[in-house]
Amino acid sequence: MTGLVFDIKRGVTKDGPGLRTSVFLKGCPLRCAWCHNPESQEARPERAVTTGEICGREMTVEDVMEEVRRDKVFYAPTGGGLTITGGEPLAQPAFTAALGAAALAEGIAVAIDTSGFAPWSAFEGILAAKDAEIAKPAARPAARGSGKAAKDAESAKGAARPAARGSGEAAPLADLLFLYDLKCLDPARHCALTGVSNEPILANLRRLDSLGARLWIRLPLVPGLNDSDADLAALRDFLATLRHAESTELCPYHPLGLEKYAKFGKTPPFARREPATPAEAAHWKAALGV
Ligand code: SF4
């Protein structure tokens with residue numbers, strides 16, 4: 001199986017906890033006005049008009065895992081791992097599930113950085129990979145108590161849990177985290193700003209939350225587009241209904257994507273050249289209570 005990948009970055013300290021390798025998949029069904037990765041949107045390789053370089057190439061799961069393993073020694077000690085991002089990783093659901101399963105099977109924690117705009121079946125693929133890993137004798141938690149059952153469980157764990165390559169340490173339990181974007185709760189403006197409905201995004205998020213999935217919520221906030229008082233109040237109220245969101249992170253607008261639009265011969269829909277100001281970010285934080 002292959003996936004269309006446009007970048008792999010090692011040593012990343014964003015996109016999840018600890019030290020990470022971020023794998024960027026090409027293709028996204030959204031067209032966010034502020035997108036800072038416009039080269040990620042089309043689900044096909046593209047040539048940069050200024051440099052001629054090709055963005056996007058088919059890679060196998062093993063090709064990607066070879067890169068991901070290079071920093072494996074750093075993942076467990078820092079709480080890091082693999083982040084599958086994009087583009088929209090769930091727009092390549094089979095590849096994302098297979099890559100996630102391969103990493104989890106080697107004891108590498110996985111984060112999925114998603115817009116949430118995908119059929120529920122795409123989430124099921126990666127959730128199944130995690131469940132399969134947890135079901136293995138190696139990853140089952142030890143039975144409580146000090147009786148024979150507990151000893152048997154510990155013994156099975158030691159025998160079957162794969163050793164982390166090169167470190168000789170036991171691999172951690174399968175860990176799957178969703179980095180989930182919330183852009184705008186107003187249905188009509190979400191459509192206007194991103195080109196798609198927010199209905200499946202909210203439904204998938206509620207479903208993940210009800211299943212107890214690990215969730216970090218990310219809020220891309222863009223001055224004048226999705227940061228009105230009503231927008232912020234709606235976000236705050238919605239966030240208060242989630243039971244399992246571990247954190248909420250603001251992602252203030254920055255104009256770094258504008259150069260990429262030019263590089264790929266595209267016109268940015270929103271061309272503010274100034275990043276969000278510290279005052280804007282402070283106002284958002286106060287209004288959201290984060
Ligand atoms: S979801 Fe992300 S990659 Fe897709 S268009 Fe929006 S900002 Fe760009």
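These legends describe close-up views of a predicted model.

**View 1. The whole chain: 10 helices and 10 strands.**
The chain has 290 residues, and buried residues make up 38% of them. Take the contacts between residues at least 6 apart in sequence. Of these, 74% join residues at least 24 apart.

**View 2. An open sheet of eight strands.**
The strand order is β5-β1-β2-β6-β7-β8-β9-β10. Pairing in this sheet is mixed. Which strands stand at the edges? They are β5 (57-60) and β10. Each has a single partner strand, so one side of each is left without a neighbour in the sheet. On average, neighbouring strands of this sheet are turned by 30° against each other, direction ignored. In a regular strand, side chains alternate between the two faces of the sheet.

**View 3. The β5-β1-β2 part of the sheet, with antiparallel pairing of β1 to β5 and of β1 to β2.**
Strand β1 covers residues 2-12, and β2 covers 20-25. Four bridges join β1 to β5. Here G3 stands opposite M59 in β5. Five bridges join β1 to β2. In that pair, I8 stands opposite V23 in β2.

**View 4. Helix α1 across four strands.**
Helix α1 is formed by residues 61-69. The helix lies across β1, β2, β5 and β6 (81-85). Relative to β5, α1 runs at about 80°.

**View 5. The loop between β1 and β2, with D15.**
D15 is not a glycine, yet its phi is positive, at about 60°. Is D15 buried or exposed? D15 is buried, because 20 other C-beta atoms lie within 10 Å, and 20 or more count as buried.

**View 6. The cis peptide bond from G86 to G87.**
Omega of this bond is near 10°. G87 lies in the loop between β6 and α3 (93-105). Both G86 and G87 are among the residues around the ligand.

**View 7. The residues around the ligand.**
Which residues form this shell? From the 28-41 stretch come C28, L30, R31, C32, C35, N37, S40 and Q41. Further along the chain, G86, G87, E88 and S115 complete the list. How many residues of the shell are nonpolar, polar and charged? Four are nonpolar, six are polar and two are charged. R31 and E88 are the charged residues, by the counting used here.

**View 8. Parallel pairing of β8 with β9.**
Strand β8 spans residues 176-181, and β9 spans 214-221. Five bridges link these two strands. One partnership to look for is Y180 with I217 in β9.

**View 9. Parallel pairing of β9 with β10.**
Strand β10 takes up residues 245-252. Seven bridges connect β9 and β10. What is the bridge partner of R218 in β10? The partner is E249. The chain crosses from β9 to β10 through helix α8 (residues 229-239). This β-α-β crossover is right-handed. Another bridge partnership is L219 with L250 in β10. Beyond the β9 pairing, β10 is an edge strand, with a single partner strand.

Key:
Residues numbered from 1 in each chain as written. Predicted model: local features only at pLDDT ≥ 70, side-chain atom pairs only at ≥ 80, totals over all residues. Pairing = 2+ DSSP bridges. Right-handed = clockwise from strand over helix to strand, strands pointing away. Axes fitted to C-alpha atoms, helices over the stretch in contact; angles between N-to-C directions. Contact = placed C-beta atoms within 7 Å. Near = placed C-beta within 6 Å. Buried ≥ 20, exposed ≤ 12 C-beta atoms within 10 Å, placed from the backbone.
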